[in-house]
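I opened this entry to keep track of what I looked up, beginning with the surface and ending with the interior.

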Amino acid sequence: MGLRDILTGRRSVKGPAPDKLFAISTAYVTLETEHQIMPSGTAAIVFQALATSDFESTLKDMEGVVTATGGDTGTTVSTQDDSYGYRWMILRSPADKPCVEDLAVGINAVSGSIETAGYGDRLLCAVFAFDDRSGPGGAAGSAPGRASRVYFIYNYKRGFWYPFVPARADGGAQTDSEQARSTERELQIKAQIGSELPIEPELERWFPLWGIPI
Amino acid sequence: MAARRTSFGKDTGLQARMLLTMFLLGLVYAAFVGVLFAVGAGAGVIIVVAVVLLLLQLFTSDKLAMATMGVKEVSPAQEPELHGIIERLCVQADLPKPRVCVMETPMPNAFAMGRSQKSTTVCATRGILDMLSPPELEGVMAHELTHVINRDVMVMTLASFFATLASLILQFSFFFGGGFGNREEESDLEIVVLVSVIVYAVSFLLLRALSRYREFAADRGSAVLTGRPSALASALLKISGTIERVPAQDLRTAEGLSAFFIVPARAKKSLLNLFADHPPLEQRLAALQRLEAQLQGTA
């Protein structure tokens, strides 16, 4: 931001950074084979839904396109608004064969058509859900407990990824009513994934997203 | 409709007025400095004092204000919704997350403090948290974050530097007036006092104008950030409906921070808009309605 912007207080919202979304479609292989972090077969994209007829018709067109292309791979699309007033578009690949590549292609189709319509600055994040089976309760543990959720969040403004692990209340179910996150696990995952995913370098920008509907 | 690059139009008029105001302020200050140097004696000391004061103001005012007003920082566990709103706005605005504080008062208001993006505090009162719906609260928080992005605390503090200096000279001259004995120096002092009075008066008006323009800019920034100008308009209507009915004690303690509040904390209405640091509500609503019209493509 230049001096003139400071003096006159000019504001425009930053558009998407150069796209590194597809890094996930190779990184997940390492996650799956070496670290027992399995793709759950769901991904979502979150954006601000403008209450204008132009934006709504853009969304409608786009949903049609994504549903049509998803038909070949069995990917289904649904839409949901959260309590903060943001809209989630959720992509699910069929339960028997979760495919991260298909999901990444689908998410890219959604963000691409929002950008083409001139609303790229409304894109917030893409989220890919994974199941962490590495700890106790996972495949390595003795008791077959519940795997915990790991989210990989792609920040469109920054063009970086970061892991987000909502904390479980002592052995109980994962909940976000307390809004606790396991920073320790997130940092472990960051170290495990190394250079395969462009990770957000500034830790204070690992913003949590509460109420992720996947 | 063809693909548009931005949802909102330009605000050339507002920018031009802001730059003109800053230019006039600069002009007044340049003349002031010229006179101080021409007169010479004693001015150096006063300038040093003023610079020290300025730095103190920049680096401690937020902490002082927080300490005196009973503002306390809240964790995500205490205020999940407020934190959630601010986190998403920070992603959208590409900002590091500020410290989030709550002030326990029924008066509905919000403000941002801090000199840079890295050391910022946004604060909401209990009253505003209880009163507004999430989209409205988001609009208000986006307004405050725009103050942060525009570095308004820094701009206003620097802009008011010479006004502070002028008022210091006036105070000094009342305390030590006529103590020099020398007739020539006394007449010099009179010139300095006279000039200081003029500088203070003119810069006061210009600063107030600048503050109003930056409020408009922050309203606009909020609309651009959230894409919901009408949510902020609705929030402003709700807040202004109650702000005049709050107990006087709260208003008095809040007076010092008024420049950074989303709506001014004053019980009585100002007679002249010229002296107000916030633009009148009708004008802010009209500006937000123009933005909504641009967004809907009907402007």
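For the first lookup I needed the rule for patches: they are built from residues with over 30% relative accessible area and no salt bridge, and nonpolar side chains are joined within 5 Å. I kept in mind that this is a predicted model.

**Surface patch, chain B**

I found a nonpolar surface patch of about 490 Å², made by Val45(B), Val48(B), Val49(B), Val52(B), Leu53(B) and Leu56(B). I checked one of these, Leu53(B), and placed it in helix 2 (residues 43–69) of chain B. Why can Leu53(B) belong to a patch? Its relative accessible area is 35%, and the patch rule asks for over 30%. Leu53(B) therefore passes that cut-off, although it counts as partly exposed. I also noted a general point: an α-helix has 3.6 residues a turn, so residues three or four places apart point the same way.

**Chain B overall**

I listed eleven helices and four strands in chain B. Of its 299 residues, 52% are buried. The chain exposes about 13600 Å², and carbon and sulfur atoms supply 65% of that area. Among contacts in chain B with a separation of 6 or more, 73% are between residues 24 or more positions apart.

**Helix 3, chain B**

Is helix 3 of chain B mostly covered or mostly open? I found twelve of its 14 residues buried, so I logged it as mostly covered, taking buried to mean under 20% relative accessible area. The buried residues include charged ones, Glu87(B) and Arg88(B), as well as Leu82(B), Ile85(B), Ile86(B) and Leu89(B). The helix spans residues 80–93 and reaches 20 Å from its first C-alpha to its last, close to the 20 Å expected. Just after the helix, Asp94(B) takes a positive phi of about 55°.

**Salt bridges**

I counted 21 salt bridges over all chains. I then looked at several of them.

- Asp131(A) pairs with Arg149(A), with the closest N and O atoms 3.0 Å apart. The pair links strand 4 (residues 123–132) and strand 5 (residues 148–155) of chain A, 18 residues apart. Asp131(A) is buried at a relative accessible area of 16%.
- Arg126(B) meets Glu104(B) at 2.9 Å, N to O. Arg126(B) is in helix 4 (residues 126–131) of chain B, while Glu104(B) is in the loop between strand 2 (99–103) and strand 3 (110–113), 22 residues away. Both are partly exposed, Arg126(B) at 23% and Glu104(B) at 48%.
- Arg214(B) bridges to Asp152(B) at 2.4 Å between the closest N and O atoms. The link runs from helix 8 (residues 183–226) to helix 6 (residues 152–159) of chain B, 62 residues apart. Arg214(B) and Asp152(B) are buried.

I met Asp94(B) again in a network of salt bridges, with Arg158(A), Glu200(A), Glu202(A) and Arg205(A).

**Cores**

Which residues have the most contacts inside the largest nonpolar core? They are Phe128(A) and Phe152(A), in a core of 99 residues. Strand 4 of chain A gives the largest share of this core, eight residues. Leaving aside neighbours within four places in sequence, Phe128(A) is in contact with residues including Leu21(A), Ile24(A), Val100(A), Phe152(A) and Trp161(A). Apart from this core I noted another, of 28 residues, among them Tyr29(B), Phe161(B), Val195(B) and Leu210(B).

How values were computed
Residues numbered from 1 in each chain as written. Chains lettered and ligands numbered in written order. Predicted model: local features only at pLDDT ≥ 70, side-chain atom pairs only at ≥ 80, totals over all residues. Heavy atoms only, no water. Patch = residues over 30% accessible without salt bridge, like charges linked within 9 Å, V, L, I, M, F, W, Y side chains within 5 Å. Areas by Shrake-Rupley, 256 points an atom, 1.4 Å probe, with all protein chains shown as cover. Salt bridge = Lys/Arg side-chain N within 4 Å of Asp/Glu carboxyl O. Helix = DSSP H or I, 4+ residues; strand = E, 2+ residues; numbered from the N terminus. Buried < 20%, exposed > 50% of the residue type's maximum accessible area, 1.4 Å probe, protein only. Expected span 1.5 Å × (residues − 1). Core = buried A, V, L, I, M, F, W, Y, C linked by side-chain atoms within 4.5 Å. Contact = heavy atoms within 4.5 Å.
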